[in-house]
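Got your viewer open and your selection tool ready? Let's take a walk through this one, stop by stop.

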Amino acid sequence: IEMKAILTGTLFIIFLNSFAQNSYMEIIEAERDTINMEFSDPETSILKEEDLKLFSGLKFYPPNENYKVEAVFKKIKNGKEFKMKTSTDRLPVYYPFGKLKFSIDGNKYRLTLYKNANAKPEYADYLFLPFTDLTNDDDTYGGGRYLDMEIQDLENPVIDFNQCYNPYCAYNDRYSCPIPPEENFLNLRIEAGVKKFKNH
């Protein structure tokens, strides 16, 4: 009876883990469906008219929980404001807000979180996490990709690269997009999130 109970308990744990994994995958896929709906709707799309006519969905890496990583946050005191380079001559002012340290496949990495110095009140808790990696110009957009976080996320920070997205200028050159600072280059392939559009 005890052995049966142990086996039943083990199967139940396996079931729960499988359910949790499927739920996570379903959440990511649902988010991607929403993004594709926004891109395909003329009212919300950022695509050029000629691209919108042919649009059949963005390309993504398969969801991979290895790229959903716990991180350690360290605040940067008195971060110095600087003008972040963009794809145009626009120079928005940001300052480094803190560092996120994390590991992937046993290797340690870190990224800097930035805060817009002139953010509107409704974006007061918004944090910007742009990065580049070894997939750029290969599978992903050459100018890097972005993640968003909020200050409240830093209590138990998790970086989910499955949710990273392209700058608007990856789809339409009428937009001005921040270029990830050199310190946010990751010397590995982040095979997660969105891929490049139309082989740009």
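One term to carry along: a residue is buried under 20% relative accessible area, exposed over 50% and partly exposed in between, using a 1.4 Å probe and protein chains only. The areas themselves come from the Shrake-Rupley method with a 1.4 Å probe, and for residues only the protein chains shown count as cover.

Keep in mind that this is a predicted model, where local features need pLDDT of at least 70 and side-chain atom pairs count only at pLDDT 80 or more, while totals for chains, interfaces and linings use all residues. Residues are numbered from 1 along each chain as its sequence is written, and side-chain values use heavy atoms, with hydrogens and water left out.

**Stop 1: Arg189 and its partners**

Select Arg189, which is partly exposed because its relative accessible area is 29%. Now add Asp138: the two form a salt bridge, with the closest N and O atoms 2.9 Å apart. (A salt bridge here is a side-chain nitrogen of Lys or Arg within 4 Å of a carboxyl oxygen of Asp or Glu.) Arg189 sits in the segment after strand 8 (158-160) and Asp138 in the loop between strand 6 and strand 7, so the pair ties together parts that are 51 residues apart in sequence. Strands, by the way, are DSSP runs of E with at least two residues, numbered from the N terminus.

Asp138 itself is partly exposed, at 38% relative accessibility. Next, click Asp139, which also makes a salt bridge with Arg189, again with closest N and O atoms 2.9 Å apart. Salt bridges that share partners join Asp138, Asp139, Arg189 and Glu191 into one network. Asp139 is partly exposed too, at 26%.

**Stop 2: Asp133 and Arg145**

How many salt bridges does a search of the whole structure find? There are 7. Another one to select joins the side chains of Asp133 and Arg145, at 3.3 Å from N to O. Asp133 is in the loop between strand 6 and strand 7, and Arg145 is in strand 7, so this pair links parts that are 12 residues apart in sequence. Are these two buried or exposed? Both Asp133 and Arg145 are buried.

**Stop 3: strand 6 and strand 7**

Stay with Arg145 and add Phe131, which stands opposite Arg145 in strand 7. Then show strand 6 and strand 7 (residues 145-150) together: they run antiparallel and are joined by 6 bridges. (Two strands pair if DSSP finds at least two bridges between them.) Strand 6 (residues 126-131) has 5 of its 6 residues buried, so it is largely enclosed by the rest of the structure.

**Stop 4: the loop before strand 6**

Step back to Ala124, in the loop between strand 5 and strand 6. Ala124 is partly exposed, at 36% relative accessibility. Try a distance from its C-alpha to that of Glu150: the two atoms are 8.9 Å apart, although the residues are 26 apart along the chain.

Asp125 is in the loop between strand 5 and strand 6 as well, and counts as partly exposed at 40%.

**Stop 5: Lys108**

Finish with Lys108 in strand 5 (residues 107-116). Lys108 is exposed, because its relative accessible area is 75%.

Methods: Helices (H or I, at least four residues) and strands (E, at least two) are DSSP runs, numbered from the N terminus.
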